[in-house]
Amino acid sequence: MEHKQVIDKLNSFENAYPVKEWIIDDISVWPLIRCNLFKEWRDLEQAKQVQAKKAKPKSSGTSGGLISSVKLTAKFLMSLRHVISFRLKKSTKIPILFTGSIAHRVELDGAHVNRYFQPIIDFLKAKYQRDSIIVEYFKPNYSKTYKSSDQVIFLAQFIPFFQVINAFKFTNMQFKLKDYDLFLNAVQEQLPFVNIQSFSVPSLQNDVKEIKVIASAYDLFLEKYKPDYAFGLCYYNVPVFALNYAASKRGIISADMQHGGQGKLHVAYGNYGAVPDQGYNLLPNIFWCWDEASYNVVNSWVSKQSFHKVILGGNPWLDYFFETNVVSYSFPNKKIILYTMQLDVPEQYIVDAVKLTPPDFQWWFRFHPRTTAENKKAVVDLFTHAGLIDAVEMDKATTYPLPIILKNTSVHISKFSGSIIEATQLGVKTILIGATGVETFQDYIKSNEAVPFLEGSASDFARLILKISSLEDLGSSNRDLKKYQKVIQNLIEN
């Protein structure tokens, strides 16, 4: 089943069933169900790309339970220490509480920074002399130097405590799931790849309990700092669902910062056809979009209701990088062809196009942040066997900051990625080689900022690359890369 077919099915379910009325306890659960159904398909597609998997060792013997109990007790006590230490801190009101993950961080001048939120944090400090807090929803990486480390909280350090104290709290939940059994039957029939047990009422109840437990930790932070706004990245992850829910309980405005492509085929942004009058408390109040095309996609359904909003705020990272970077990056004296990959292996026509490219070009293959070691090895093996491993660059393409690579790129290639938006904002034209990307970035195709290539030979592809490389860039100087500062100022002052 193709991407578009899955999205169409999910949209049809919204029309056929009373999804906006489905509530467990006080949480409207349709966004959770919708996003998890799509994840089942996405995970299945990604698994097809994995060439080898190591079996996970199974624990055995009677000592395992005892060891596990000791570890759980130790985690709880350590977590308790973090909670007590946090409660003893002085309470200070802040403008924004942010939350993100290690996937959103990059190395910049020796510091590990959240590339979308650090620009706003620094702006708030410079403009208003006010600090902010950023909650990382994964464990700390002790090998990294976090910028403004005294303003970073690691959610994982608090969760064991709240898991224990809430162990028996969310047991008597109220359910409003009209026609949910009929819905599950339809899912089983129309989306056969879905593990239907994962969407049973007991499983859904466990998902809601997990959100509530994590929301309890976020509530600790919200109570302490009393922010005006709570900003998240990737709202459809459980921790950010939890932040949105916790913020809604306290009347705090939540916002989702765009972190990649958001077309009409994106399950989390493309279309909510049924929204309750009071909105979904797992969704953000505000969707922050980088560009007009992304804004229009979200606004196509947001404009039909009155609870959720969308704003055009720009991409904070691009301007921030060029203003603060002091590192010198080396590039070849050649025209760079940058391919920002998804979680897959390049097709044969791309390998053949590399062979056909003149020597004054160099191909750079940038791995997706979630690419596994097996996938990377498969790509390396592909070019090694083709005798092209010395003709391509993968290390610098993946470790260098994307903005500086794009500034030195002649042609950008992608199937579907937020890098397409960033390339356009920096004046680099993209060749779209995936159907989802072509469907998503129609506005860019119409404005001649991107070109589709879904059919043709390696020779055709190589000729298209050469043609685009001979054109002038799109003129990034006309784009307002500081727009985010004006938007933040408006939010804080109004």
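**Note on helix 4, helix 19 and the parallel sheet**

1. In this predicted model, the axes of helix 4 (residues 118-128) and helix 19 (residues 483-493) come within 11 Å and cross at roughly 60 degrees. Helix 4 is therefore oblique to helix 19, oblique being what remains once angles under 35 degrees (roughly parallel), over 145 (roughly antiparallel) and 65 to 115 (roughly perpendicular) are set aside. Axes are lines fitted to C-alpha atoms, for helices over the stretch in contact, with angles from 0 to 180 degrees between N-to-C directions.

2. The contact (heavy atoms within 4.5 Å) involves Pro 119, Ile 120, Phe 123, Leu 124, Lys 127 and Tyr 128 of helix 4, and Tyr 484, Gln 485, Ile 488, Gln 489, Ile 492 and Glu 493 of helix 19.

3. Helix 4 also lies across strand 3 (96-100), strand 6 and strand 10 (253-257), and runs at about 160 degrees to strand 3. Helices (H or I, at least four residues) and strands (E, at least two) are DSSP runs, numbered from the N terminus.

4. Seven strands, in the order 7-6-3-9-10-11-12, form an open sheet with parallel pairing, where pairing requires at least two DSSP bridges between two strands. Its edge strands, each paired on one side only, are strand 7 (152-154) and strand 12 (309-312). Strand 6 (residues 133-136) is joined to strand 7 by three bridges, and Ile 134 has Val 152 as its bridge partner in strand 7.

5. Residues are numbered from 1 along each chain as its sequence is written. Local features need pLDDT (the predictor's confidence in each residue, from 0 to 100) of at least 70, side-chain atom pairs count only at pLDDT 80 or more, totals for chains, interfaces and linings use all residues, and side-chain values use heavy atoms, leaving out hydrogens and water.
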